[in-house]
Structures are given as structure tokens and as C-alpha cells.
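Work through the exercises below with the sequence and the model side by side, and try each task before you read its solution.

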Amino acid sequence: MDVLRDYNSFSRIGNSFGFACRIIEKQCETQQLGTYEKYEFAELLKILNAKEKMLAGRYFCQLPTNVGSFRVLLQLQDLHILTATEYILSKEHSDQLQVDLIIFLESEFELLTNIFLSAAYNTDYAMKLTLILTAALGNLYAGLVNNPKISSLGYIEPLHKALPDDALSVCMNMHINTLLELHRTESINEAFANFSSWINEGVDELTFVKHLCDGLFVGHHQEALQYLFKQSNSENFRQWKFFLILVQSIACAASQETTVYIKKYLKNRLMQTASTGNLTSLLHLLLTARAASASTMDIQKNLDNYAKWYKQNIGEMTYILGTEKFQVTLGLLEESLQYEKELSYLDIHVSIAISPGGRLVQAYKTKCRARVSQLKSEAKRKASRD
């Protein structure tokens, strides 16, 4: 009621303004309205002058959230009296904020679209809105990790249709960042140890990631991958789980053009790794190639895809790398053996020849076989204990 106390501070406030505020409050208390009632309410709001409309918007923001509040907010937005963005910003420090946003994500798609548009185009509030939206998405997706059935993510398709490409790009980046932050590893060791279980979890349980890739990212998979790869190149990157699940999910739905892009990225990464001699870069390459190769529901076919990639890129790397870089890469492959935890991938490294062979290649192969034997012995010991 603070707005009503401001009557005398403004000129041109008509006697009908108080009536309009009472009707707004009554409308918020009503869950559903017929077409005629909505029309009457809209006509009442239209007769307010500019200052009255501004005060009506402020008055609405002061009201507690009720069963019809968001229906009323949508009408206010349609009449350019109050936007969802303005409403959310007015609740910035309220405990109700995240509750309201979850409702927007579940059912109020037009209101949600307005906020994402503002996050993309409103330079004054973009950072603040991004923080608010990513917090809401984080709450939703953290819940989905524990129970993937709590939401159908019905907002994805309407949002994809409503947002222009540049706003959609901002929206996609928010989603990618939110997903990546759902899980952090202690080290890249954990990613090698859990690679297959994470991919299987992504396929069988965390299906909302695939829904995002098929719905929100569709038509923009290459752009999503570019952002994802950029984020994963940051120093001390620890968000491996959802990085790998996202790469796998996008690879499953990728067009031929995007598939070519992935292959080109991996080849360029190999050449960069050979130039820098950076072990982490090689480990990133191996994990990314495995995730991108896991593009079918057939595990053996996915392994065959990886074997094909390994043969074309590692087995034949002498054709794209000079002698010095070839030797650097072999050295990195030897160092990477300590991270290998899965026999199915290590067997591929053992079986595929690396041209042109020679003493250094044979030394690497010998160490590969030794690592295979070590992993098999560890598996036997674990089985006997169990």
C-alpha cells in the first residue's frame, strides 16, 4: 500500500486509480478468469495514464504472490505496464525470488522469455539477471540430478522458438555454465576413472542433458561446442563430468557439418598439444575424443569409432607432425598411461599400429601392455576381495 500513500506526490492521479489497484489485487486472488473478465480488466488498465500505469506496476510488485499473480503479470506485460524483468528485479533480495523463477521455468514461458531477452540486451542489468537466472537453473538441474523426473523442461522449446539467435546464444551459454557447475572433480584422474560410468549415466539417467541438446541447442550444436571447448581450456578445469556428457549428447544429435567440426577440432588439438608438449592438453584430447566417439547406443560401435579416430590421428600422426613433435607426442602418450583406468580403451592403444614404428613406438607399446597387465591384476584382486 506504499504506492497509495504516494498519491499526493504525483499530479494527474485520478479517482479511478485506487479502484484499479483494488481490482489488480482481486485479480491476483483469482486463479482463472473467463475471456470477458480478462478483456474488462485490460480495458480498465488501458484508461490509466502514464504515471498511473507506473504506480500500478509498483503496486503489483508489493503484493504477495497469489494464485493469479502471474496471469495478471502477463497482462501487465502485454500492456507495457510492467515486465517480468522489472518484477523479478523488484524481488532481487526476496526469499520469494527463486520460487517465482522455478514457476516461470515450469509454466510461465512468456514471462521467462522476457527475462532471458533482458539478460541478452539490457546492458544495465545483464550481469545481475544472468546471476539470477543461473541460480534458478542451478536449483532446477541440481534437483534433476537427484530425481530426473521432477521436470519435463517444457520451457525449452518455447524459449528456443522465441529468442533471436544472439539472445539464444546468451541463453545457451548460461545453460552450459550451469550444467558444468553441477559436478567438480578433484583431478583429471577422476575423469579417466569414471568416464564410462558418467557417459552411461548421461544416457540412461541424466536424460535432461540430451533434452537440452535436442531442444535448446538444436541448430546451434557447433556454437555450443565452441563455447564448451573454450570453457574447458581454462586453467585448472574441474567440471569434467558434465563436459563429457555434453560432448557425448551433442555428438549423438550432431549434423554432418558438426561432426566434421568435431574432427577438425580434435586434429587441431593434437597439433597444438604436440607444439606445447602439455600433458593436460593430451589428456583433454583423449577424453574429448572418447566422448565424441560415443555417439550411438551400441558400446562396441562407440569403441570402434574411437579406434578409427585413434588410428587416423595417433596411428598416422607422423604424416601431420614433424619428427620432433612426433617424439614429443609419444612421450606424452607414455605419461598418460598412469591415468588410464579402462581396459577397453587401453586395448585399442595396444592393438593399433603407430606409423612408422621404430624403437620409440615399440617402447610405448611395451608400456601400454604393462599397463594392461597392471589393470587386469588390480581387477582380479578387487574381484577376489568382493
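The exercises that follow deal with a helix and its packing, two backbone features, a buried cysteine and some salt bridges.

This is a predicted model, in which local features need pLDDT of at least 70 and side-chain atom pairs count only at pLDDT 80 or more, while totals for chains, interfaces and linings use all residues. Residues are numbered from 1 along each chain as its sequence is written, and side-chain values use heavy atoms, with hydrogens and water left out.

**Exercise 1. The core and helix 18**

Task: Find which residues have the most contacts inside the largest nonpolar core, and describe where the buried residues of helix 18 lie.

Solution: Begin with the term itself: a nonpolar core is a set of buried Ala, Val, Leu, Ile, Met, Phe, Trp, Tyr and Cys residues joined through side-chain atoms within 4.5 Å. Buried stands for under 20% relative accessible area, exposed for over 50%, and partly exposed for what is in between, with a 1.4 Å probe and protein chains only. The largest core holds 126 residues, and F60, F104, Y155 and Y310 have the most contacts inside it.

Next, take Y310, whose contacts (heavy atoms within 4.5 Å) include L333, I348 and Y364, when neighbours within four places in sequence are left aside. Helices here are DSSP runs of H or I with at least four residues, numbered from the N terminus. Y310 is one of the buried residues of helix 18, among them also L303, Y306, W309 and I314. They cover an arc of only 170° around the axis, which puts them on the same side of helix 18; this arc is that of the directions from the helix axis to the C-beta atoms. Finally, these buried residues pack against helix 16, helix 17, helix 19, helix 20 and helix 21.

**Exercise 2. Backbone features in loops**

Task: Compare H80 with L153, and locate the cis peptide bond.

Solution: As background, most residues other than glycine have a negative phi, and most peptide bonds are trans. H80 has a positive phi near 60° and lies in the loop between helix 5 and helix 6. L153 also has a positive phi, of about 55°, and is placed in the loop between helix 9 and helix 10. As for their surroundings, H80 is exposed at 74% relative accessibility, whereas L153 is buried at 1%. The cis peptide bond joins S355 and P356, with omega at about 10°, and P356 lies in the loop between helix 20 and helix 21.

**Exercise 3. A buried cysteine**

Task: Is C213 buried or exposed, and which residues does C213 touch?

Solution: C213, which is in helix 13, has 0% relative accessibility and is buried. Not counting residues up to four places away in sequence, C213 touches V218, H221, L246, S249 and I250. For I250, the C-alpha atoms of the pair are separated by 5.9 Å, although C213 and I250 are 37 residues apart along the chain.

**Exercise 4. Salt bridges**

Task: State how many salt bridges are counted, and describe those of D214 and E334.

Solution: A salt bridge is a side-chain nitrogen of Lys or Arg within 4 Å of a carboxyl oxygen of Asp or Glu, and by this rule the count is 8. D214 pairs with K210 at 2.5 Å, N to O, and both lie in helix 13, 4 residues apart, about one turn of the helix. E334 pairs with K367, where the closest N and O atoms are 2.7 Å apart. E334 lies in helix 19 and K367 in helix 21, so this pair ties together parts that are 33 residues apart in sequence.

Methods
Helices (H or I, at least four residues) and strands (E, at least two) are DSSP runs, numbered from the N terminus.
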